[in-house]
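This report looks at a predicted model. Please view the sequence and the structure first, then read on.

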2 protein chains.
Amino acid sequence: MAELDKFDYRLLELLQDNSRLTGTELAEKVGLSSAACLRRVQRLRETGVIERDVAVVSPKVFGKRMTVIVLLTMERDRPDRYMLMREAFAKMPEVQQCHHVTGAHDFVLRVQVGDMEEYSAFVDRVFHEPYIKRYESLAVLGSLK
Amino acid sequence: MAELDKFDYRLLELLQDNSRLTGTELAEKVGLSSAACLRRVQRLRETGVIERDVAVVSPKVFGKRMTVIVLLTMERDRPDRYMLMREAFAKMPEVQQCHHVTGAHDFVLRVQVGDMEEYSAFVDRVFHEPYIKRYESLAVLGSLK
DNA sequence: AAATTCGTGCGAGATTTTCGCAAAAATTCT
DNA sequence: AGAATTTTTGCGAAAATCTCGCACGAATTT
């Protein structure tokens, strides 16, 4: 993909926040014609700059009202476990996100569950493994974005 | 909002994966008419079941190749700052996510930047405030989902 | 069993997107 | 610099998509 100019960046910024903006709405915000905006957006999609468009569904609807951030520390002598861990996490529906990080911890997970009981069961099932040294659970009170 | 039936769940499932499906496409996948599907989706949006629609932009192409998880701890005597913080974070394009959490830390941020230099500038600009007690930066090596 | 409510499919009208085209703007070449 | 080429623009028509009123059928209430 060729270089992106300021118009493309502005469009991405807008669509990242609300992908349902219409050509006319984009036009008045970026200062191009409706057609030009839509053509650019089309191109951004085709070239993979915009990977996909998704609807954000309220977690409440699915009865998943509780979010927990987990900081995971593994035993230092088990680096081989990292890949396996990632694959395992990928399959768990409770795990919304999983980042492998540097520093004092090894993984940061975002876990979505219905309630404390469900979270407790999740912890028992997943974190009580010999190669997991410790984990820290941060319950989410509120979120942005 | 009244109860959701199996059609609604199916629609949510589909739109969660691809929010650009047209009425006709939805129709053939769920077994209702195009109009019925669109009416339902409209309702799901109005009632907040679908909170928003967003474009997923490839971080690489966007030139934001570096992700950092930040654990933020505030001074205990400044709880009034929480709301202001959240609002401030909401406006920063680098901040992709912001969770207000319980426990040893107060906020967990996901920050997206181009490189270390940009991150450093971000830290200087945002975290060197008197009401911020400490912050811990975890560079992301890889992510899932 | 009638009345009410609710959601459906159909189809017209409105909105939005796509696309061809000529002109303007930017880029490359001589 | 100025000509040639490429890219992108705005316009407008055509295509696609969405919205909405309407009459009908199913489920619920009275």
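In this predicted model, the side chain of Arg39(A) has an N or O atom that is 3.1 Å from a base nitrogen of DNA strand D. Two further polar pairs link the protein side chains with this strand. Ser33(A) places a polar side-chain atom 2.6 Å from a phosphate oxygen of DNA strand D, and a polar side-chain atom of Arg39(B) is found 3.5 Å from a base oxygen of DNA strand D. The table lists these pairs.

| Residue | Atom of DNA strand D | Distance |
|---|---|---|
| Ser33(A) | phosphate oxygen | 2.6 Å |
| Arg39(A) | base nitrogen | 3.1 Å |
| Arg39(B) | base oxygen | 3.5 Å |

Which residues surround DNA strand D? From chain A they are Leu32(A), Ser33(A), Ala35(A), Ala36(A), Arg39(A) and Arg40(A). From chain B they are Thr22(B), Gly23(B), Ala35(B), Leu38(B), Arg39(B) and Gln42(B). Sorted by class, this surface holds 5 nonpolar, 4 polar and 3 charged residues. Helix α3 (34-46) of chain A and helix α3 (34-46) of chain B each provide at least two residues of the surface near DNA strand D.

On the DNA side, the atoms of strand D within 4 Å of the protein can be split into two groups. Sugar or phosphate accounts for 62% of these atoms, and bases for the rest.

The two protein chains also meet each other. In chain A, 51 residues are in contact with 51 residues of chain B. The size of an interface is often given as the accessible area lost when the parts come together. Between chain A and chain B the buried area is about 5000 Å², and carbon and sulfur atoms give 56% of it. Gln16(A), Leu144(A) and Lys145(A) supply 14% of the area that chain A buries against chain B, which is more than any other three residues supply.

Chain A is assigned two domains, domain 1 (6-46) and domain 2 (59-139). The C-alpha centres of domain 1 and domain 2 of chain A are 37 Å apart.

One residue of chain A can be followed in detail. Arg10(A) is part of helix α1 (residues 6-17) of chain A. Why does Arg10(A) count as partly exposed? Arg10(A) counts as partly exposed because its relative accessibility is 32%, and partly exposed covers the range between under 20% and over 50%. Leaving out residues up to four places away in sequence, Arg10(A) touches Lys29(A) and Val30(A). Arg10(A) and Ser137(A) are 127 residues apart in sequence, and their C-alpha atoms are 37 Å apart in space.

Definitions and conventions: Residues numbered from 1 in each chain as written. Chains lettered and ligands numbered in written order. Predicted model: local features only at pLDDT ≥ 70, side-chain atom pairs only at ≥ 80, totals over all residues. Heavy atoms only, no water. Near = heavy atom within 4 Å. Polar contact = N/O pair within 3.5 Å; in protein donor to acceptor, adjacent residues only side chain to side chain. Helix = DSSP H or I, 4+ residues; strand = E, 2+ residues; numbered from the N terminus. Nonpolar A, V, L, I, M, F, W, Y, C, P; charged D, E, K, R; others polar. Buried < 20%, exposed > 50% of the residue type's maximum accessible area, 1.4 Å probe, protein only. Contact = heavy atoms within 4.5 Å. Domains from an automatic or database assignment. Buried area = accessible area lost by both parts, 1.4 Å probe.
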